[in-house]
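Here is a briefing on one chain and its two bound ligands. Look over the sequence and the structure first, then read on by topic.

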Amino acid sequence: MTVRVAVAGASGYAGGELLRLLASHPGVEVGAVTAHTSAGRPLGSVQPQLPQLADRLLLDTSADSLRGHDVVFLALPHGQSAALATELETGTLIVDCGADFRLRDPAAWERFYGSPHAGSWPYGLPELPGGREELKGATRIAVPGCYPTAVTLALFPAYVAGLVEPEAVVVAASGTSGAGRSPAPHLLGSEVMGSMSPYGVGGGHRHTPELVQNLSLAAGEHVTVSFTPTLAPMPRGILATCSARLRPGIAATGRDDEARAVFGAAYADEPFVRLLPPGQWPSTAAVLGSNTVQVQIAVDPQARRLICVSAIDNLTKGTAGGAVQSMNIALGLPERLGLPTNGVAP
Ligand SMILES: NC(=O)C1=CN([C@@H]2O[C@H](COP(=O)(O)OP(=O)(O)OC[C@H]3O[C@@H](n4cnc5c(N)ncnc54)[C@H](OP(=O)(O)O)[C@@H]3O)[C@@H](O)[C@H]2O)C=CC1
Ligand SMILES: CC(=O)N[C@@H](CCC(=O)OP(=O)(O)O)C(=O)O
């Protein structure tokens with residue numbers, strides 16, 4: 001079976017990464033590639049890293065150009081997906097890399113995004129409890145935000161197992177590609193190089209409600225999350241350092257046997273999550289260009305907190321890789337098809 005796919009937003013970072021993966025996916029044929037201001041240009045002029053597709057012409061992003069495909073990936077700014085989705089065939093699998101359909105709580109959406117809630121779609125994080133079942137046969141998929149992918153996979157087994165209290169503190173550093181290709185002044189090389197700085201501090205980042213949603217689902221009760229994102233001087237990668245207080249009765253001897261057993265069991269059969277051996281810590285360099293998530297944990301006996309650290313490539317597992325993994329599951333293809341697990345080093 002060859003699946004014909006279209007990519008909307010093909011001139012952006014997420015679109016480029018989708019096309020990198022799809023161009024070498026053995027079950028896929030790339031159809032329309034669409035853009036906005038770059039429409040009319042050859043793809044190779046904006047994505048020179050994709051020689052196989054260099055001569056493809058970027059079309060305008062419209063229902064007309066996207067119709068007639070088995071799968072449509074949307075890698076567009078927030079708020080652009082809902083209208084397009086209603087104009088496409090109901091049987092088409094639409095995989096939205098944007099935020100529009102991630103949140104289930106309309107009030108949380110309106111508070112953080114300031115527009116009417118479009119609804120919610122099956123959530124493209126297969127590793128979550130029930131995640132794969134939700135995606136099998138789906139025709140609409142909401143790909144998680146990149147920080148929520150990293151943080152949820154760092155922490156959720158601890159909540160499922162009841163190891164920690166329903167509160168988490170997260171500090172995560174992201175490469176600049178997380179902000180997309182638009183040249184905002186704070187993303188200029190001269191501002192970012194040699195410097196790190198937080199943003200969205202104090203519960204203001206729009207991924208906070210998504211983190212609360214995911215961890216509350218795992219815990220079976222409301223989890224509060226104090227989330228501080230940080231911009232790091234690198235093009236790709238997220239390193240998320242997360243912690244939560246151990247529940248009374250959970251040993252905090254400085255050994256992490258109980259937590260390690262929980263995480264080991266949770267991730268034993270996960271093709272893209274690697275719990276590192278004791279003493280080895282995640283690094284963004286090690287997951288560059290791969291769909292792998294590195295996870296490591298430790299117990300801090302003085303603070304009685306479980307520390308969970310993860311690293312992802314924000315454009316691969318954090319966006320396009322997660323999107324392709326979810327597509328594979330929805331279509332009944334082998335989950336790993338077309339997805340690299342090896343990184344690029346050094
Ligand atoms: N970057 C990341 O790490 C992640 C991104 N995402 C999501 O993926 C989506 C795309 O992000 P990203 O690739 O980073 O962004 P970019 O800014 O790099 O790309 C945006 C794309 O959308 C197109 N576009 C811009 N405005 C419009 C419009 N009004 N109508 C139609 N198309 C438009 C652009 O076309 P043109 O260039 O031709 O103007 C470009 O192809 C976003 O929703 C983002 O949230 C999700 C997870 C992580
Ligand atoms: C460094 C940086 O700016 N990162 C982006 C998150 C990128 C991402 O995954 O977010 P969406 O898919 O929700 O856009 C931000 O903080 O808004």
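Which element gives the largest share of the shell around ligand 1? Helix α1 does, with three residues. The model is predicted. The chain folds with 11 helices and 13 strands, and its domain assignment gives domain 1 (3-144 + 317-331) and domain 2 (147-314).

**Ligand 1**

- The shell around ligand 1 holds 31 residues. The closest are Gly-12, Ser-38, Gly-98, Gly-180 and Arg-181.
- Two elements, α1 (13-23) and α11 (316-331), give two or more residues to this shell.
- By class, the shell around ligand 1 has 11 nonpolar residues, 19 polar and one charged.
- Both domains take part: domain 1 and domain 2 each supply at least three residues to the shell around ligand 1.

**Ligand 2 and Cys-146**

- Ligand 2 is surrounded by Ala-99, Gly-145, Cys-146, Ser-174, Gly-178, Ala-179, Pro-229 and Leu-231.
- This shell splits into five nonpolar and three polar residues, with no charged residue.
- One residue of the ligand 2 shell, Cys-146, is listed by UniProt under "active site", in an unreviewed entry.
- Cys-146 sits in helix α7, which covers residues 146-160.
- Is Cys-146 buried or exposed? Cys-146 is buried, because 29 other C-beta atoms lie within 10 Å and the cut-off for buried is 20 or more.
- Beyond residues up to four places away in sequence, Cys-146 touches Ser-174, Gly-178, Ile-238, Asn-314, Gly-318 and Thr-319.
- Two of those contacts, Ser-174 and Gly-178, also belong to the shell around ligand 2.

**Domains and their interface**

- The C-alpha centres of domain 1 and domain 2 are 25 Å apart.
- At the interface, 21 residues of domain 1 are in contact with 27 residues of domain 2.
- On the domain 1 side, α5 (106-113) and α11 are the elements that give two or more residues.
- Helix α11 has the largest share of that side, six residues.
- The domain 1 side divides by class into 10 nonpolar, six polar and five charged residues.
- Helix α11 thus appears twice: it gives two or more residues to the shell around ligand 1, and it gives six to the side of domain 1 that touches domain 2.
- An unreviewed UniProt entry annotates residues 4-138 as "domain: Semialdehyde dehydrogenase NAD-binding".
- That span is 29% helix and 17% strand, and its end C-alpha atoms lie 17 Å apart.

**Overall form**

- The chain has a radius of gyration of 20 Å. This agrees with a compact globule, because 346 residues would then give a value near 20 Å.
- Along the principal axes, the C-alpha atoms fill a box of roughly 60 × 45 × 40 Å.
- Of the 346 residues, 48% count as buried.
- Take the contacts between residues at least 6 apart in sequence: 70% of them join residues at least 24 apart.

**Leu-239 in strand β10**

- Leu-239 lies in β10, residues 238-245.
- Leu-239 counts as buried, because it has 24 C-beta neighbours inside 10 Å and 20 or more are needed.
- How far apart are the C-alpha atoms of Leu-239 and Ser-310? They are separated by 5.8 Å, although the two residues are 71 apart along the chain.
- Leaving aside neighbours within four places in sequence, Leu-239 is in contact with Ala-172, Ala-173, Pro-282, Thr-284 and Ala-311.

**Backbone points to check**

- Most residues other than glycine have a negative phi, and most peptide bonds are trans.
- Arg-304 has a positive phi, near 50°.
- Arg-304 is in the loop between β12 (293-300) and β13 (305-312).
- Arg-304 is partly exposed, because its count of other C-beta atoms within 10 Å is 15, between the cut-offs of 12 and 20.
- The peptide bond from Ala-345 to Pro-346 is cis, with omega near -5°.
- Pro-346 is placed in the segment after α11.

Technical notes:
Residues are numbered from 1 along each chain as its sequence is written. Chains are lettered from A and ligands numbered from 1 in the order in which they are written. This is a predicted model: local features need pLDDT of at least 70, side-chain atom pairs count only at pLDDT 80 or more; totals for chains, interfaces and linings use all residues. A residue is near a molecule or strand if its C-beta atom, placed from the backbone, lies within 6 Å of it. Helices (H or I, at least four residues) and strands (E, at least two) are DSSP runs, numbered from the N terminus. Ala, Val, Leu, Ile, Met, Phe, Trp, Tyr, Cys and Pro count as nonpolar, Asp, Glu, Lys and Arg as charged, and the others, Gly among them, as polar. Domain bounds come from an automatic or database domain assignment. The radius of gyration is taken over C-alpha atoms; the globule rule is 2.2 Å times the number of residues to the power 0.38. Two residues are in contact if their C-beta atoms, placed from the backbone, lie within 7 Å. UniProt positions are given in the numbering used here, feature names are shortened, and annotations may be inferred rather than shown by experiment.
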